[in-house]
Amino acid sequence: MAADTSVDILQKVLENEILQTTKVVEEHLDAEMQKLDQMDEDELERLKQRRLEALKKAQQQKQEWLSKGHGEYREIPSERDFFQEVKESKNVVCHFYRDTTFRCQIMDRHLTVLAKKHIETKFVKLNAEKSPFLCERLRIKVLPTLALVKDGKTQDYVVGFTDLGNTDDFTTETLEWRLGCADVINYSGNLMDPPFQSQKKFGTSFTKLDKKTIRGKKYDSDSDDD
């Protein structure tokens, strides 16, 4: 009997929350409709023009990104090309990989998906064995490693899979969240709520707040990934 009463109370609470949410949405829509009704023809035309200009600008930006190699995940031929690639794009994700490392192939699959979804960011890969100078300069010791570059400067790293749930079976959404934490993609989710179900389960306490500690603390601990 008590259990039934608790269920009824919970159901009523949920119904009230839904009604309140619906009411807020309806009020917002009513306010927007009222604004439109109060506009004269000149104001409506100006609003239309502003929206058309915004769409035009967005399309031009998209074409510019595509012309610079955004929208696809591709390989950089050499170290020298790396500097040109990061110079011409604001946000770049560069995967330092090795053909014989299985986890690099896992990373490839996820990056291929994200490159198509986030055309605002350039996604490239570079063979670490053919890039001794860059690996030394960026202190790349674990493969795979993602160098996250903003405005031509390497700001962050994803080293191995530690920050991705510490499992080979991490989802593309988890990698997307991690890149969002570094502000190298336009992430629409909640950065404080990682996609993997339980951080404790996978043995990592990574959050947006402590991302700056990755490079200094996790290279050695992930050294068996390469």
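At 48% relative accessibility, Arg139 counts as partly exposed, and that makes a friendly place to begin a walk through this predicted model. Arg139 sits in the loop between α5 and β4. What is unusual about the backbone here is the sign of phi: Arg139 has a positive phi of about 55° although it is not a glycine.

Stay in that loop for a moment, for it holds another backbone feature. Pro144 is also found between α5 and β4, and the peptide bond leading into it from Leu143 is cis, with omega near 5°. If you click through the backbone in your viewer, Leu143 and Pro144 are a good pair to stop at.

From here we can step across to a helix. Which residues does Cys104 touch, once those up to four places away in sequence are set aside? They are His95, Phe96, Tyr97, Arg98, Leu143 and Pro144, so both partners of the cis peptide bond appear in that list. Cys104 itself belongs to helix α4 and, at 1% relative accessibility, counts as buried. The C-alpha atoms of Cys104 and Leu143 are separated by 6.9 Å, with their positions 39 residues apart along the chain.

Phe96, one of the residues touched by Cys104, leads us to the interior. Leaving aside neighbours within four places in sequence, Phe96 is in contact with Phe82, Cys104, Leu126, Leu134, Cys135, Leu138, Ile140, Leu143, Pro144, Thr145 and Ala147. Phe96 is also among the residues that touch the most other members of the largest nonpolar core, together with Phe82, Leu126, Leu138 and Ile140. That core has 21 residues. Where do they come from? At least two residues each are supplied by α3 (79-88), β2 (91-97), β3 (122-127), α5 (132-137), β4 (145-150) and β5 (153-159). The greatest contribution is that of β2, with four residues. Apart from this core lies another, of 19 residues, including Phe123, Leu148, Phe170 and Val184.

Now turn to a pair of helices. Helix α4 (residues 102-117) packs against helix α6 (residues 172-181) at an angle of about 65°, and their axes are 10 Å apart. That makes α4 roughly perpendicular to α6, and their crossing is right-handed. On the α4 side, the contact is made by Met107, His110, Leu111, Val113, Leu114 and Lys117; on the α6 side, Thr172, Leu175, Glu176 and Leu179 meet them. Sorted by character, these contact residues divide into six nonpolar, two polar and two charged.

Is α6 mostly enclosed or mostly open to the outside? Nine of its ten residues are buried, so α6 is largely enclosed by the rest of the structure. The buried residues are Thr172, Thr174, Leu175, Glu176, Trp177, Arg178, Leu179, Gly180 and Cys181. Notice that Glu176 and Arg178 are in this buried set, and that Glu176 also takes part in the contact with α4. Just after α6, Asp183 takes a positive phi of about 60°.

On the other side of α6, in the loop that joins β5 to α6, lies Asn166. Asn166 has a positive phi of about 60° although it is not a glycine. With a relative accessible area of 45%, Asn166 is partly exposed.

One more loop deserves a visit. Gly152 is found between β4 and β5, and a relative accessible area of 42% makes Gly152 partly exposed. The C-alpha atoms of Gly152 and Lys90 are separated by 6.9 Å, although these residues are 62 apart along the chain.

With these landmarks in hand, step back and take in the whole protein. There are seven helices and five strands, and from the N terminus on they run α-α-β-α-β-α-β-α-β-β-α-α. Buried residues make up 38% of the 226 residues. Finally, among the contacts with a separation of 6 or more, 67% are between residues 24 or more positions apart.

Terms used
Residues numbered from 1 in each chain as written. Predicted model: local features only at pLDDT ≥ 70, side-chain atom pairs only at ≥ 80, totals over all residues. Heavy atoms only, no water. Axes fitted to C-alpha atoms, helices over the stretch in contact; angles between N-to-C directions. Parallel < 35°, antiparallel > 145°, perpendicular 65-115°, else oblique. Left-handed = near helix turned anticlockwise from the far one by under 90°. Contact = heavy atoms within 4.5 Å. Nonpolar A, V, L, I, M, F, W, Y, C, P; charged D, E, K, R; others polar. Core = buried A, V, L, I, M, F, W, Y, C linked by side-chain atoms within 4.5 Å. Buried < 20%, exposed > 50% of the residue type's maximum accessible area, 1.4 Å probe, protein only.
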